[in-house]
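I opened this notebook to keep track of what I looked up, entry by entry. The topics are strands, cysteines and cavities.

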Amino acid sequence: MASAALHLTALTCEYKTNPLGLDVARPRLGWQLAPSDPAARGLRQSAYQVRVCRDAAAQSVLWDSGRVPSDQSMHVAYAGPALLSRQRCYWQVRVWDAAGAESAWSEMAWWEMGLLAPTDWQAQWIAPGFDEDLSDSTPAPLLRGEFMVAGEVQSARVYVSAHGLYQLELNGRLVSDDLFTPGWTTYKHRLHYQTYDVTNLLHSGANALAATLGDGWWRGFFAWNEGRQFYGQHLALLAQLVITYADGRVEVTGTNGGWRSATGPIRRSDIYHGETYDARLERPGWSSPGYDVADWFGVRVEDYGFGLLVAPLGPPVRRIETVTPIGQFTTPAGELVVDLGQNLVGWVRLRVRGEAGAAVTLRFAEVLDQAGNFYVTNLRSAKQTDTYLLKGGGEEVFEPHFTFHGFRYVHVTGYPGALALDDLTGVVVHSDMPPTGEFECSAPLLNQLQHNIQWGQKGNFVDVPTDCPQRDERLGWTGDAQVFSRTAAFNFNVAGFFTKWLRDVAADQYPDGRIPFVVPDILREGGSTGWGDAAVVVPWTLYLCYGDKRLLAEQYPSMLRWVEFGRSQLNAAGVWAGGFHFGDWLAVPPPDPNLPYPVTDLPIISTSFLGYSLALTLKTAEVLGYADEAAKLAGWLEALKTAYRHEFLTPNGRLSPSTQTAYVMALYFDLLPEALRAQAGDRLVEDIAKRDNHMLTGFLGSSYLPHVLSDTGHLDTAYALLNQQTYPSWLYPVLKGATTIWERWDGIKPDGSFQDWNMNSFNHYAYGAVGDWMYQVVAGLRLDPADPGYHHLIFKPQPGGGLTYARAELQTLYGRAAGGWQQLDGGLIVNVTIPPNTTATLYLPAARVDAVTEAGHPLTGAREDAAAGVVVFQLGSGDYTFTIESPAEAD
């Protein structure tokens, strides 16, 4: 009999809710347990049963797992008959708790398969039939075709892709709010197609399917050499519409040689440079049936094939939120500038009235210069400019279609009449990742730092993890992703986002095992440590955060090839001393280049990272049960550690070079003998102290530095660095007014001048990797690597740094986890929330068990760890409040 005390929520398939257009052969299912009584504790699943049906009424069962004794509630793989293209599967689950009580069946969820084989495609690739000037951005092509609907429609799906970007319309309406489709992948290996439900957009009789194409990543400007057409010269569209009628008939139509092409109001559109839109050239009704195409051109049918088409694994890019300007002003140079108050990525929505032909130009910048003028020098060749030419006759609203900008300030010229603040609205776009994490503490500056970290992630997670969103770059730099991936997984659910990107990492990997500097690989260079290690670090991070073992198995060959490449680069001494490497990128430069200054040389960085990747690849092999591979990797790792110690460790235990980054890597990557770890931690702290509590680390060293300090017993130094307000520090940009993370520690120098204009982004997430430490150490919210995906949590708050409270929460795959502490009357209040079907180990900063109560009651079952100064307690799911008496009260 079903228990009323237990119900099931948040049913997902491949991290998505009711996904349309999957091409995963064995989709994985997940659910969350929810007690009817919010005060319930210790809720645990003991068994589950999944049933997958052909119909929503569950009359025709496709697969029934039967009762499976297991607490698994994520990544339960479908194990029924092979799935077919376009097949819809309905599924539900019921579970039993630890006492054997049975839940009711969940609500019915579903997934639907996409087109699984090239032979499923009956539509044709088509390209515009008119000539284009390919030397520069050209007017965006319009493509359209008509078809008939004869009968009552039961369902309709359109499957669509493009060379370039597309916006698809059916009968005058956009089929989706997705942006920049089909997305950016390594197009030579993988090209996404999207699936949309268009049932409600069809009507009896004549219908029209139409698309606007943009250059996008396919043939737009790319990187700093102003090159174009990296993937191809010509744009193309592929759209297949499948209509299922109520009487069972299935009709397939789509792009073919009968379509027509023309240009319209988008005269120029480029990701870097912006968009020019002439509203006088709009074609009213062009995407509706019956439109006169007498002056349109035909199309070319192209034989591009269908073998590279795959369904998306990650979320689409969408408009996520809007930002209202906080003010406008005239600069000393006489420019009218609007301030959004937040450095963001997207564009502005323009509202305007005026005469036909009037041109409003919008230029975008992140910062103002020392004099308060609009500053775009750091954009290099990127123009970041939108121009709108009015059609006249009333209020007009404009948003660009195939571009995005990184900006806080908007320079407006040509606006007819007086500009009001509500005439511009900031539109924030990024990959539609569910927000999952929150961090807050008693220090406003640290809260602003967390804000900046999250906005840096928003602005740079636009289908790929880019370095920056504003200049002529915006590339998927692997090193940035590597250092930030753990913080990223706190702030947002990035499982699908990174899974998609890792497929491209593996696809773009060179035959010798090198990983490109950027993915997708448009620079055609690779092999740098710290950057190539993303192929190992990111999948391992996703496994820890989401328990995704299948992802590890899929990425393991790429991981192994990278470490094998690293071993091929070892010299006779067994260390990696050759090749190009970025090193500890943007580490603090010497104040006086004529004086000696500590530099972490490349061989110790390269060898250290190879050791780290070997260790993680070894752990991966163990998780996957590859015993022989694990044994081989263990041997390689030990040999590397031996060579490392011989080459870089002096007889008295000092590293050479003896830099902050060298010690951080040696400790975090576990390259030192155990007996020397404490000494190394002390030397690191000595170096920080003699620099008045400042770090000298760059992209690589900074991400691990606070963890190393707290792990080696130097929590106070870690907090001192976190709270440091002068350059170089995490809070220095905050005090300079930053609303995102900067590329450089001193993008704006103490005297107000700028760093090197050629590389000075003010939205660059790498240094935001410190957010991981804030979640894990300050608030104490951690996972257990032995039971990943937060199936077993660890709460270990470590108060300090003058903070009086801190809290964090995380929407895990099992539900909401939260932890926080607050100082009160010399004692401490600790609040903890543990999701259903998980357990936790709590480490409370108290010397004795009798100093701790829970909801006013003495603890039972706790133990004291006198050496660590903590009380350890095992918890089941539920909400808990612990009170730790002050030492005086406890005595």
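Entry one, strands. In this predicted model, I looked first at strand β40 (residues 805-812) and found it joined by eight bridges to strand β41 (residues 815-824), the two running antiparallel. Within this pair, alanine 808 stands opposite glycine 819 of β41. I then traced the sheet they belong to, which is open and has seven strands in the order β35-β40-β41-β42-β48-β44-β45, with antiparallel pairing. At its edges I noted β35 (437-441) and β45 (857-858), each with a single partner strand, so one side of each is left without a neighbour in the sheet.

Entry two, cysteines. I searched the whole structure for disulfides and found zero. For cysteine 13, the closest cysteine sulfur is that of cysteine 89, and because 8.7 Å separates the two, they are too far apart for a bond. Cysteine 53 is likewise in no disulfide, with the nearest cysteine sulfur, again in cysteine 89, 9.4 Å away. I also checked burial: cysteine 13 is buried at a relative accessible area of 1%, and cysteine 53 is buried at 0%.

Entry three, cavities. My search of the whole structure gave four cavities of 30 Å³ or more. The largest holds about 90 Å³ of space and is lined by 13 residues, with Trp730, Pro733, Ile741, Trp742 and Tyr767 nearest its centre. The second largest holds about 70 Å³, and here I met β40 again, since this strand gives the most to the lining, with three residues. Among the residues lining that second cavity are Leu810, Gln811 and Thr812.

Definitions and conventions
Residues numbered from 1 in each chain as written. Predicted model: local features only at pLDDT ≥ 70, side-chain atom pairs only at ≥ 80, totals over all residues. Heavy atoms only, no water. Pairing = 2+ DSSP bridges. Helix = DSSP H or I, 4+ residues; strand = E, 2+ residues; numbered from the N terminus. Disulfide = S-S within 2.5 Å. Buried < 20%, exposed > 50% of the residue type's maximum accessible area, 1.4 Å probe, protein only. 1 Å grid on protein atoms, 1.4 Å probe; cavity = no way out; pocket = protein on both sides within 12 Å on 5 of 7 lines; lining within 4 Å. Points joined across faces, edges and corners; volume = space filled by probe spheres on them.
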